[in-house]
Amino acid sequence: MRPDENTLQQLAMPDAEVYFAPAFIRSPQSDVYFERLLREANWQQESIKLFGREVPMPRLTAWYGDKAYTYSGLQNKPQPWLPVLQELREKVEQASGQKYNSVLLNFYRTGQDSMGWHADNEPELGRQPSIASLSFGGERRFAFKHRTRQDLRPVPLILSHGSLLLMQGPTQHHWLHQVPKTSKSVQPRINLTFRFVNS
Ligand SMILES: O=C(O)CCC(=O)C(=O)O
Ligand SMILES: [Fe+2]
C-alpha cells in the first residue's frame, strides 16, 4: 500500500469538491466489516414506481439514522444505529471533519445490481451536503457526469474494498453519479453513504 492510500486526496473536478482514499480502511479489517454489515444490517428489497408500475430496486437497502428520510420517493423509517455503523461513522467523521446523523446502506448482490444517474440533492440534505461513501467487498466502477458542461468528460473511479469517497460543496448541484451494471463477474459489494439530514 502506498503511504497516501488511506488519506483523502482531492480530485481535480471543476464545480465540485470531491476527495478519495482508495484504501481508507485496510483489507483485513475491511473483510470483517463486510461480513458484519452483511449479517447485521436489516436489508430490505424496496421497490420504486416506474411509469405507474412497482419495480424492485436493483439492489437491497437499509437505512439507519436519527431522522426519517425520503429517498427515491421512499419514506425510510429511522432504525437505531448498530454498533458497527457507529464505529464506521466515527472513522469517517474524523476523516472528513463533518457530522453525519444518517446512513444509507446499499447491497449490490451481483453485477446486475446498480444505481442509475442521480444527485443526492433532497431538500433535507441542505444546500451543500457532505456525503461520505464507504465501500466494502467487490470493487465496482463508479462515474461522475457534469449536468450541463459537455466539454467535461465523465470522471470514472473504481470504488475498491475499504475505499472512502467524500462529496461535498457544490458537487451535487453540478454533477450526477452512478454505479453502472456490469456483465463482468464481480463479488458482492456493500456501500454506505453517511449523510446529515435536517429535520
Ligand atoms: O454505491 C455507491 O457507490 C453509490 C451510492 C449512492 O450514490 C447513494 O447511495 O446515493
Ligand atoms: Fe448517490
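**View 1. Four antiparallel strands form an open sheet in this predicted model****.** The strand order in the open sheet is 9-14-11-12. Strand 9 (115-118) and strand 12 (155-159) are the edge strands, each paired on one side only. Averaged over the sheet and with direction ignored, neighbouring strands are turned by 15° against each other.

**View 2. Strand 9 meets strand 14 in antiparallel pairing****.** The two strands are joined by 2 bridges. M115 has V179 of strand 14 as its bridge partner. Both M115 and V179 also belong to the residues around ligand 1.

**View 3. Residues around ligand 1****.** The shell consists of L104, N106, M115, D120, S133, S135, F142, L159, H177, V179, N191 and T193. Two or more residues each come from strand 8, strand 10, strand 14 (175-179) and strand 15. Sorted by class, the shell around ligand 1 holds 5 nonpolar, 6 polar and 1 charged residues.

**View 4. An open sheet of 7 strands with antiparallel pairing****.** Its strands follow the order 1-2-13-10-15-8-5. Strand 1 (9-10) and strand 5 (60-65) lie at the edges, and each of them pairs on one side only. Helix 1 (residues 27-40) packs on this sheet and touches strand 8 (102-108), strand 10 and strand 15. The direction of helix 1 makes about 95° with that of strand 10.

**View 5. Strand 10 beside strand 15 in the sheet of 7 strands****.** Strand 10 (residues 131-137) and strand 15 (residues 189-195) run antiparallel and are joined by 6 bridges. Within this pairing, L134 is bridged to L192 of strand 15. The shell around ligand 1 includes S133, S135, N191 and T193.

**View 6. Helix 2 across the strands****.** Helix 2 (residues 83-96) lies across strand 5, strand 8, strand 10, strand 13 (164-168) and strand 15. Helix 2 runs at about 125° to strand 10.

**View 7. Positions annotated as "binding site" in UniProt****.** The annotation comes from an unreviewed entry and covers F51, G52, R53, Y69, T70 and Y71. Among them, G52 is placed in the loop between strand 3 (47-50) and strand 4 (53-56), whereas R53 is in strand 4. G52 counts as exposed because 5 other C-beta atoms lie within 10 Å, and the limit for this class is 12 or fewer. R53 is likewise exposed, as it has 8 C-beta neighbours inside 10 Å.

How values were computed
Residues numbered from 1 in each chain as written. Chains lettered and ligands numbered in written order. Predicted model: local features only at pLDDT ≥ 70, side-chain atom pairs only at ≥ 80, totals over all residues. Pairing = 2+ DSSP bridges. Contact = placed C-beta atoms within 7 Å. Axes fitted to C-alpha atoms, helices over the stretch in contact; angles between N-to-C directions. Near = placed C-beta within 6 Å. Nonpolar A, V, L, I, M, F, W, Y, C, P; charged D, E, K, R; others polar. UniProt positions renumbered as here; feature names shortened; annotations may be inferred. Buried ≥ 20, exposed ≤ 12 C-beta atoms within 10 Å, placed from the backbone.
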